[in-house]
Amino acid sequence: MGRSFSAMAFTSCLLACTFLAVDRSAADAEPSPALITALTDLDIPGGLVVQVGAANTDLAMELGRTARYVVQVLDGDMQRIDQLRQQVAEHRLSGLVSADQFPTDESLAYTETLVKVVVVARPRSAAPGGGGG
């Protein structure tokens with residue numbers, strides 16, 4: 001049975017990361033290895049990673065490429081979800097990276113110790129007064 005997101009206990013860690021908004025035309029740009037390094041430093045060599053927010057999926061794709069992590073990206077925007085699904089298929093990462101709609105009831109059906117890391121991706125607005133940063 002799922003628990004509400006606010007009540008879910010993740011025993012390994014919860015990482016909140018700020019990502020710069022990414023232009024989709026720069027799909028081959030190198031993502032920052034900061035979180036991958038943090039996962040290694042925290043002795044999390046693999047497992048399920050849940051990323052909340054699909055504005056920047058470079059990290060999800062990079063983790064999937066390692067074949068040590070299975071990444072599920074959750075977002076409320078179906079256009080972003082469809083774009084990520086296309087990207088996953090193009091890079092042949094199906095089964096390692098998936099994209100799904102964030103549940104409207106805010107509950108996630110994960111057992112208590114299944115998820116190793118939660119990444120909260122918050123795009124930073126480049127426009128002045130855009131609410132980022």
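**Helix α3 and the nonpolar cores**

Mentor: The chain holds 3 helices and 7 strands, and since we are reading a predicted model, everything we discuss is computed from its coordinates. From the N terminus on, the elements follow the order β-β-α-β-α-β-α-β-β-β.

Trainee: What makes the span of α3 close to the expected one?

Mentor: The expected span is 1.5 Å times one less than the number of residues. Helix α3, residues 78-90, has 13 residues and reaches 18 Å from its first C-alpha to its last, which is close to the 18 Å expected.

Trainee: Which residues of α3 are called buried, and why?

Mentor: Buried means under 20% relative accessible area, and the residues of α3 that meet this are I81, L84, Q87 and V88. Seen down the helix axis, these buried residues fall within an arc of 125 degrees, so they line one face of α3.

Trainee: What lies on the other side of α3, and what covers the buried residues?

Mentor: On the other side, Q79, Q86 and E90 are exposed, the cut-off for that term being over 50% relative accessible area. The cover over the buried residues of α3 includes α2 (58-65), β4 (69-75) and β5 (97-101).

Trainee: What makes the approach of D77 to Q79 at the start of α3 a polar contact?

Mentor: A polar contact needs a pair of N or O atoms within 3.5 Å, one able to donate a hydrogen and the other to accept it. Here a side-chain oxygen of D77 comes to within 2.8 Å of the backbone nitrogen of Q79, so the pair lies inside that cut-off. Just after α3, R92 takes a positive phi of about 55 degrees.

Trainee: Why is the set of 20 residues called a nonpolar core?

Mentor: The term applies because the set consists of buried residues of the nonpolar kinds, joined through side-chain atoms within 4.5 Å. This one, the largest, has 20 residues, and those with the most contacts inside it are V49, L63, Y69, V71 and V97. Two or more residues each come from α1 (34-41), α2, β4, α3, β5 and β7 (115-124), with α2 giving the most, 4 residues.

Trainee: Which residues is V49 in contact with, leaving aside neighbours within four places in sequence?

Mentor: Contact means heavy atoms within 4.5 Å, and on that basis V49 is in contact with L63, Y69, V70, V71, Q72, V117 and V119. Apart from the largest core lies another, of 8 residues, among them L48, L74, L108 and V118.

Trainee: How much of the chain is buried?

Mentor: Buried residues make up 36% of the 133 residues in the chain.

Technical notes: Residues are numbered from 1 along each chain as its sequence is written. This is a predicted model: local features need pLDDT of at least 70, side-chain atom pairs count only at pLDDT 80 or more; totals for chains, interfaces and linings use all residues. Side-chain values use heavy atoms; hydrogens and water are left out. Buried means under 20% relative accessible area, exposed over 50%, partly exposed in between (1.4 Å probe, protein chains only). The arc is that of the directions from the helix axis to the C-beta atoms.
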